[in-house]
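Trainee: Please walk me through this one slowly, and start with the terms that I will need.

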Amino acid sequence: MPKHQAPIPLVDLDADVPCCPPLAQRRVRAETAAVLAPAFKALGDPVRLQLMSMIASADGGEACVCDLTPAFDLTGPTISHHLKTLREAGLVDAERRGTWVYYRARPQILRQLAGLLSIEPTAATQR
């Protein structure tokens with residue numbers, strides 16, 4: 001009877017627990033890297049990194065596109081493109097209210113990314 005390996009669990013970006021040990025402690029599995037790479041790639045652009053910071057630090061936990069656009073010397077469609085990229089990477093959620101769209105950071109994925117980059121041991125990695 002052949003030995004079957006258990007299926008590789010997918011990274012749950014909505015989980016409040018770390019997806020994996022910090023990369024300074026153990027090699028990141030290919031499957032995990034494939035799931036997390038789009039978020040890192042999205043944050044690799046200076047405008048998107050600034051947008052993410054503005055959204056994550058906004059009062060009430062959300063920011064209106066009407067407040068984000070004036071902060072940049074870019075056109076509305078360009079800002080919309082960057083926000084779409086953040087949304088597609090799973091970093092933000094969006095909700096339309098009338099003519100405006102409001103964005104909220106997804107804290108779970110931010111914790112996953114931060115945990116992966118952590119150099120301090122976490123409770124999950126000390127088990």
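Mentor: A residue counts as buried under 20% relative accessible area, as exposed over 50%, and as partly exposed in between (1.4 Å probe, protein chains only). This is a predicted model, in which local features need pLDDT of at least 70 and side-chain atom pairs count only at pLDDT 80 or more, while totals for chains, interfaces and linings use all residues. Residues are numbered from 1 along each chain as its sequence is written, and side-chain values use heavy atoms, with hydrogens and water left out.

Trainee: Is Thr 32 buried or exposed, then?

Mentor: Thr 32 counts as buried, because its relative accessibility is 6%. Thr 32 lies in helix 1, which spans residues 30-43, and its C-alpha is 7.9 Å from that of Cys 19, although the two are 13 residues apart in sequence. Helices (H or I, at least four residues) and strands (E, at least two) are DSSP runs, numbered from the N terminus.

Trainee: And how many helices and strands are there in the protein chain?

Mentor: The protein chain has 5 helices and 3 strands, and from the N terminus on they run α-α-β-α-α-β-β-α. Of its 127 residues, 32% count as buried. Among the contacts (heavy atoms within 4.5 Å) with a separation of 6 or more, 61% join residues 24 or more positions apart.

Trainee: Let's turn to the sheet; what order do the strands have?

Mentor: The 3 strands form an open sheet in the order 1-3-2, with antiparallel pairing, where two strands pair if DSSP finds at least two bridges between them. The edge strands are strand 1 (62-64) and strand 2, each of which pairs on one side only. Neighbouring strands of this sheet are turned against each other by 25° on average, direction ignored.

Trainee: Which helix packs on the sheet?

Mentor: Helix 2 (residues 46-56) does, touching strand 1, strand 2 and strand 3, and its direction makes about 85° with that of strand 3. Axes here are lines fitted to C-alpha atoms, for helices over the stretch in contact, and angles run from 0 to 180 degrees between N-to-C directions.

Trainee: How many bridges join strand 2 and strand 3?

Mentor: Strand 2 (residues 92-97) and strand 3 (residues 100-105) pair in the antiparallel sense over 6 bridges. Arg 96 stands opposite Val 101 of strand 3, and Arg 97 has Trp 100 in strand 3 as its bridge partner. The hairpin of strand 2 and strand 3 has 2 residues between the strands, and Gly 98 takes a positive phi near 65° there. The charged end of Arg 97 also sits over the ring of Tyr 102, 4.2 Å from its centre; for this, CZ of Arg or NZ of Lys must be within 6 Å of the ring centre and within 35 degrees of the ring normal.

Trainee: What about the other side of strand 3, where strand 1 pairs with it?

Mentor: Strand 1 and strand 3 pair in the antiparallel sense over 3 bridges, and Ala 63 stands opposite Tyr 103 of strand 3.

Trainee: Which side chains along strand 3 are buried?

Mentor: Val 101, Tyr 103 and Ala 105 point to one face and are buried, whereas Trp 100, Tyr 102 and Arg 104 point to the other face and are not.

Trainee: Back to the helices: at what angle do helix 2 and helix 4 cross?

Mentor: Their axes cross at roughly 75° and come within 10 Å, so helix 2 and helix 4 are roughly perpendicular to each other. Angles under 35 degrees count as roughly parallel, over 145 as roughly antiparallel, 65 to 115 as roughly perpendicular and the rest as oblique. Helix 2 contributes Val 47, Arg 48, Leu 51, Met 52 and Ile 55 to the contact, and helix 4 contributes Ile 79, His 81, His 82, Leu 83, Thr 85 and Leu 86.

Trainee: Tell me more about that His 82.

Mentor: His 82 is found in helix 4 (residues 76-88) and is buried, because its relative accessible area is 9%. Apart from neighbours within four places in sequence, His 82 is in contact with Asp 45, Val 47, Arg 48 and Leu 51.

Trainee: And where is Ala 71?

Mentor: Ala 71 is in the loop between helix 3 (65-68) and helix 4, and with a relative accessible area of 49% it is partly exposed. Its C-alpha is 9.2 Å from that of Leu 51, which is 20 residues away along the chain.

Trainee: Last one: what does helix 1 do with helix 5?

Mentor: Helix 1 and helix 5 (residues 107-117) pack at an angle of about 90°, with their axes 11 Å apart, which means that helix 1 is roughly perpendicular to helix 5. Leu 36, Ala 39, Phe 40 and Leu 43 of helix 1 make the contact with Ile 109, Gln 112, Leu 113, Leu 116 and Leu 117 of helix 5.
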